[in-house]
Amino acid sequence: MRVLSGIQPSGQLHLGNYFGSIRPNLEYAQKAGSSFYFVADLHALTTIHDPEELRRLRLDTVLDYLACGFDPEKSVLYFQSDVPFHAELAWILSTVTPMGLLERAVSYKEKVEKGIAASVGLFAYPVLMAADILLYAADLVPVGKDQKQHLEMARDIAVKFNRAYGETLVVPEPLIRAEVAVVPGADGQKMSKSYGNIIPLFGSEEAVKKAVMGIVTDSKGVNDPKDPDTCVIFQIHKLFLDDGGRKTLAAEYRGGLAYGEAKKRLLQTVFDHFAPMRKRRDDLKKNMRYVEQIMSEGAKKAGIIALETMERVRQATGLR
Ligand code: ADP
Ligand code: TRP
């Protein structure tokens, strides 16, 4: 089984990203025969036009993922833009993609409503994403449900291509990742960069502390019984615990654990859990040569697989 996913380089990682995306992907990478994870820097160009910012974000993303435990011996890690076949295949696919298909894309409309410039690249975003997937004939493409429509489009585009040119591309059967619980942020809404309610993984200790201590609670008294099911502190803390740990902690909430104490414990848990990753991240940052080497080797490995598909596509279309 081959697993593949693209990661948008979009800023500081938070607990929502970790539990909702990184941890499940680490598990997939463990189980899969081969796995491909790339930083979708060409996609990022649809929203980021500041070169310094893009440079910083793409490296931060790699550091974050390596620090969290992605193993370059097991997974192929690379920058999308280092494998030029993504852009080449995207162009070819765009010539068999009906305008109407892209016009139905919800995420394009949402982005334009948010004020992102309606460029051709933003409109054709799903075509590039289809190329990302089809180049590697991935069996499993774990993404959140916001990307479901894009995956369906990748399938539709592969079918269109095969209809025009004969069976060339493997039509992906992507498994949409099983529902991952939505991690709440400090204010109780979904944790998200756009809501300014994040608890960062690798922020400064003060920033992590401020975020945890700022979690909203109801007005129950210090010794009153608390309801773990409605308490945001507990909803976040339980993600770090196994079943037994959850039950024990829930019982303490019901027995009147003070919110202040509950937050201190969560803070300690967050620090303890991410301390080794924080250390690994700091070490990697001091050794950027090594990181660059991982990425360039990843691009070479990915390029070999992608070229096989590209050669079939060039033959099929008459470009060779
Ligand atoms: P943000 O909402 O902060 O901009 P992204 O959209 O960049 O986060 O999220 C990247 C991935 O992390 C998503 O595809 C999703 O799987 C996961 N994710 C983000 N926020 C949460 C959350 N609060 N709970 C669960 N998963 C999340
Ligand atoms: N569009 C995806 C996101 O915003 C990132 C992505 C780009 C991707 N290409 C991909 C995900 C290919 C899976 C497969 O999260």
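Axes here are lines fitted to C-alpha atoms, for helices over the stretch in contact, and angles run from 0 to 180 degrees between N-to-C directions. Helices (H or I, at least four residues) and strands (E, at least two) are DSSP runs, numbered from the N terminus. The model is predicted: local features need pLDDT of at least 70, side-chain atom pairs count only at pLDDT 80 or more, and totals for chains, interfaces and linings use all residues. Residues are numbered from 1 along each chain as its sequence is written, chains are lettered from A and ligands numbered from 1 in the order in which they are written, and side-chain values use heavy atoms, with hydrogens and water left out.

**Stop 1: α4 and α8**

Select helix α4, residues 85–94, and then α8. The two pack at an angle of about 120°, with their axes 8 Å apart. That makes α4 oblique to α8. Angles under 35 degrees count as roughly parallel, over 145 as roughly antiparallel, 65 to 115 as roughly perpendicular and the rest as oblique. Look along the crossing: α4 passes α8 in a right-handed one. A crossing is left-handed if the near helix is turned anticlockwise from the far one by less than a right angle, and right-handed if clockwise.

**Stop 2: α4 and α14**

Keep α4 and add helix α14, residues 288–317. Their axes come within 10 Å and cross at roughly 25°. That makes α4 roughly parallel to α14. This crossing is left-handed.

**Stop 3: ligand 2**

Now select ligand 2 and its shell (residues with a heavy atom within 4 Å). The shell holds 14 residues; Gly6, Gln8, Tyr125, Asp132 and Gln147 are the closest. Show the polar contacts (pairs of N or O atoms within 3.5 Å; within protein, one must be able to donate a hydrogen and the other to accept it, and residues adjacent in sequence count only if both atoms are side-chain atoms). Each of the next three pairs ends on a nitrogen atom of the ligand.

- Asp132: side-chain N or O atom at 2.6 Å.
- Tyr125: polar side-chain atom at 2.7 Å.
- Gln147: polar side-chain atom at 2.9 Å.

The protein covers 90% of the 360 Å² of accessible area that ligand 2 has on its own. Accessible areas come from the Shrake-Rupley method with a 1.4 Å probe; for residues, only the protein chains shown count as cover.

Which elements give two or more residues to this shell? They are β1 (2–7) and α8 (125–134). α8 gives the largest share, four residues. By class, the shell has eight nonpolar, five polar and one charged residues. Ala, Val, Leu, Ile, Met, Phe, Trp, Tyr, Cys and Pro count as nonpolar, Asp, Glu, Lys and Arg as charged, and the others, Gly among them, as polar.

**Stop 4: ligand 1**

Move to ligand 1. Here 14 residues surround the ligand, the closest being His14, Val183, Met191, Ser192 and Lys193. Oxygen atoms of ligand 1 pair with these side chains:

- His14, at 2.7 Å.
- Ser192, at 2.8 Å.
- Asn17, at 3.1 Å.

The protein covers 77% of the 540 Å² of accessible area that ligand 1 has on its own. The shell divides into four nonpolar, seven polar and three charged residues.
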